[in-house]
Amino acid sequence: MNNDKFGSRRKISLKAGEAEFYGIDKLEKDGIGKTGHLPFSIKILLEQALRNLDHFQVNEEDIVALANWKADEKSEKEIPFKPTRVLLQDFTGVPALVDLAALRSSMKALGGDPSVINPRIPVDLIIDHSIQVDSFGLPGSLQTNMEREFERNRERYEFLKWGQHNFKDLSIYPPGVGIVHQVNLEALASVVQNRESVLFSDTVVGTDSHTPMVNSLGVLGWGVGGIEAESVMLGQPIYMKIPQVVGFKLTGSLQPGTTATDLVFRIVQILREIGVVEKFVEFFGDGLSGLSLADRATISNMAPEYGATMGFFPTDDETLNYLKATGRSADIIERVEKYTKEQGLFRTDGMTPPGFSDVVELDLSTVESSLAGPKRPQDRIALSDMKPSWNQLLVQPVKERGFELKNEELSKSSTVTLENSNESFELKHGSVVLAAITSCTNTSNPSVMIAAGLLAKKAVEKGLTVKPWIKTSLAPGSRVVTDYLQKAGLDQYLEKLGFFTVGYGCTSCIGNSGPLAKPISEAIVDQDLVVAAVLSGNRNFEGRVNPLTKANFLASPPLVVAYAIAGSMDIDLLEEPIGQDNSGNPVMLQDIWPGKSDIAEVERLITPEMYLERYSNYETLSPIWNEIPTKGAEVYDWDEASTYIRNPPFFRDMKVELKPLEDIRDARVLVKVGDSVTTDHISPAGAIASETPAANYLLDRGVELQDFNSYGSRRGNDEVMVRGTFANIRLRNQMAPGTEGGFTTHVPTGEQTSVYEASERYKASGTPLVVLAGNDYGAGSSRDWAAKGTYLLGIKAVIAVSYERIHRSNLLGMGVLPLQFKEGDTPESLGLTGKEVYSVLGLSDEISPGQDLTLKIDDKEIPVSLRLDTPVEIEYYKNGGILHTVLRNFIKEVG
């Protein structure tokens with residue numbers, strides 16, 4: 001702790017004993033800022049700076065700048081943020097630990113002490129992304145998928161066991177506990193921490209982009225790339241500009257029949273329209289008191305979808321109620337209440353709101369039942385408009401997020417007979433082929449999960465069934481969900497409709513939906529049908545959920561069940577029957593939609609003991625996990641034959657001395673894309689398709705097709721991942737017009753080939769590469785491999801109209817230069833084809849944050865903005881990336 005330069009440290013009495021904290025109000029008393037009027041989120045940033053003052057990473061000027069935060073100013077001041085802990089999920093956690101293991105190897109090779117490469121703050125890793133839904137709609141799905149999961153991923157799990165044994169302060173939650181952000185919400189987050197009798201706000205960064213779900217508890221935190229998380233683990237601050245804070249005022253209350261899912265779709269739509277990228281959103285107003293903590297969690301979870309760094313809810317009485325309901329100890333609840341009230345972090349109705357950079361308001365009573373899709377989460381469609389919207393989407397141009405079908409294509413269909421069945425059915429445009437209650441956004445919210453169960457109960461009692469062509473699955477975010485569904489007897493009704501539990505973790509929303517039945521897949525491909533998935537997740541970008549579902553709609557869990565019964569998007573569920581009962585009478589959606597009192601009655605069955613039981617024994621939960629041996633010394637013994645874990649090339653042959661920066665000269669364009677290209681388009685994700693460079697690599701090493709597993713599971717192998725970068729089946733690379741997928745044109749020869757193969761040709765000729773992109777480049781999940789793969793392809797710079805926050809940070813973290821076209825300039829307005837020769841000039845001079853550089857395009861020169869936004873980011877770029885900087889600093893420390 002610091003030397004309390006500002007005299008802010010004072011005592012607080014707790015039943016567990018006396019403690020101390022750093023009171024930010026002391027600053028205002030001494031004439032520094034108006035701390036009482038700051039947004040709650042800025043207050044927490046201020047406290048962590050005050051507490052971590054060391055005149056090295058955190059200086060007095062950082063504290064003064066935060067205390068003087070101005071609502072009407074966009075600050076250019078950079079401040080350090082030192083989170084108190086790091087959260088990892090396994091898809092990003094494995095490559096993070098691979099990088100740490102590689103750093104140890106490099107440290108040893110450079111003559112240093114490998115053991116200094118160790119987490120310096122607590123790290124929790126939850127294994128939640130390995131589930132591939134092979135078995136579905138059948139009893140025993142969970143056990144079958146779990147066994148297959150361990151077969152596929154044993155090599156990764158052995159590596160994680162090595163990491164758990166050799167890295168300090170690393171806790172690993174085995175498969176089957178739950179999804180990372182729900183475990184964080186229900187068990188890990190303490191709201192207020194107590195270390196060495198000093199109290200302070202719990203803060204976290206996580207490699208899951210939906211880490212902001214914990215903002216609903218009043219915990220400051222957000223998603224970062226794996227590269228950034230690794231540097232935080234190693235004791236580095238996150239350097240960020242002091243953010244603007246948009247206040248979102250909620251009034252009124254939700255109408256009966258609407259859900260928190262409907263509310264968050266409306267919020268996403270509103271905030272995407274005004275633009276909140278790189279801003280905090282803080283909710284306020286008396287409408288908060290009508291929202292349960294679980295409802296707030298649904299809203300906070302989708303902060304990445306509305307583009308904000310956070311969706312923050314201050315601590316209040318509902319926070320304390322939730323902590324008690326989820327089994328937190330009396331000591332934790334007492335310290336949360338006392339500390340937040342003493343620190344001015346406790347919200348009450350009627351209080352004067354803080355000052356905000358901007359204010360948005362929503363009357364909750366205006367929210368209506370909705371879906372979002374078919375290609376982006378911000379494209380909300382009211383349930384009442386779904387049928388006409390669907391038919392419009394079929395013919396709407398692709399550039400307007402439609403499917404651009406011609407009139408003669410609209411009537412396409414295919415008659416399908418499933419194996420071992422005499423029943424035939426017709427698939428056509430709009431047929432729902434996948435319905436998933438998945439663990440992303442909603443399964444932490446008992447009200448919508450219970451609503452799904454009650455709707456299923458009423459449907460079964462009326463004789464309704466799910467259509468035979470639909471793959472159904474239920475992936476709860478934690479085992480507590482299963483406990484209360486079973487206690488209420490609702491699990492049996494979900495199972496009768498095919499919604500068997502397939503696992504506890506990330507499934508359909510990440511692309512782990514598994515294959516559709518072969519006759520259905522063949523029919524979709526043969527007729528090029530635009531079929532749909534309906535899922536209760538938060539991501540529906542093209543190619544993400546399933547390669548065959550061109551349309552993907554997000555919906556609340558009860559609506560997922562409803563569409564599984566209806567079987568098509570081409571239906572008005574408010575006006576047309578959803579099906580027929582046992583007597584042949586029409587059944588309307590309102591006939592089976594559960595009432596608020598019915599939901600509340602089941603919610604009363606949930607007890608704190610359920611949470612305590614599930615999270616107190618997590619280490620012994622999985623016998624299969626416990627049987628995996630722990631082996632290996634402090635420097636990992638790399639197996640060159642492994643197709644899962646390899647020593648990445650990022651630090652090989654690295655020198656302690658820095659090389660001076662050089663201009664990028666005579667580069668070629670490898671990829672040219674339009675607006676809203678996501679990290680899903682860039683990063684390898686989902687299943688590894690046959691006849692791709694990654695598939696060929698695995699086949700050459702004796703891996704059979706059925707054992708390919710997913711890209712996510714092989715993130716520890718750079719050779720697989722680089723071959724899958726820019727290989728998304730829905731990527732439209734304008735360098736290969738008329739194609740979808742990982743193709744480009746090798747400009748010197750004019751030959752169309754894979755992105756990977758072209759990059760290898762360019763490397764052989766010593767040609768640097770660039771990417772041209774439109775608006776919102778890199779939206780979506782915090783995928784570090786979207787940057788790592790870019791780097792390994794030989795791409796030296798990305799030139800975009802605008803960036804999403806995390807991806808820009810990840811690019812510079814890997815030493816890839818992010819550049820931005822000047823206002824009004826786009827590749828289209830400049831007439832760029834991608835066939836030109838590009839040079840970036842001015843790098844060999846001393847560069848400063850945000851300055852202009854010269855982009856030379858053939859013989860033409862234009863200014864572009866350098867998107868290295870802080871002096872620290874420039875230092876990272878000069879070093880070749882964040883981890884290169886950290887490694888050099890460690891060598892200097894022990895030197």
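Angles under 35 degrees count as roughly parallel, over 145 as roughly antiparallel, 65 to 115 as roughly perpendicular, and the rest as oblique. Keep that handy for the two exercises below, and remember that this model is a predicted one.

**Exercise 1.** Work out how helix α15 lies against helix α21, and which residues meet there.

*Solution.*
- Start with the axes: those of α15 (residues 479-487) and α21 (residues 608-616) come within 9 Å and cross at roughly 140 degrees.
- An angle over 145 would count as roughly antiparallel, and 65 to 115 as roughly perpendicular. The pair α15 and α21 is therefore oblique.
- Next, the hand: α15 goes past α21 in a right-handed crossing.
- Now the residues. On the α15 side you'll find Arg479, Val480, Asp483, Tyr484 and Lys487, and they meet Met610, Tyr611, Arg614 and Tyr615 of α21.
- Sorted by class, this contact has 5 nonpolar and 4 charged residues, with no polar ones.

**Exercise 2.** Do the same for helix α4 and helix α5: find the angle, the hand and the contact residues.

*Solution.*
- The axes of α4 (residues 90-109) and α5 (residues 141-166) cross at roughly 60 degrees and come within 10 Å of each other.
- That angle makes α4 oblique to α5.
- As for the hand, α4 and α5 cross in a left-handed way.
- From α4, the contact takes in Asp90, Phe91, Val94, Leu97, Val98, Ala101 and Arg104. From α5 come Arg156, Phe159, Leu160, Trp162 and Asn166.
- Split by class, the residues where α4 touches α5 are 8 nonpolar, 1 polar and 3 charged.

Terms used: Residues are numbered from 1 along each chain as its sequence is written. This is a predicted model: local features need pLDDT of at least 70, side-chain atom pairs count only at pLDDT 80 or more; totals for chains, interfaces and linings use all residues. Side-chain values use heavy atoms; hydrogens and water are left out. Axes are lines fitted to C-alpha atoms, for helices over the stretch in contact, and angles run from 0 to 180 degrees between N-to-C directions. Helices (H or I, at least four residues) and strands (E, at least two) are DSSP runs, numbered from the N terminus. A crossing is left-handed if the near helix is turned anticlockwise from the far one by less than a right angle, and right-handed if clockwise. Contact means heavy atoms within 4.5 Å. Ala, Val, Leu, Ile, Met, Phe, Trp, Tyr, Cys and Pro count as nonpolar, Asp, Glu, Lys and Arg as charged, and the others, Gly among them, as polar.
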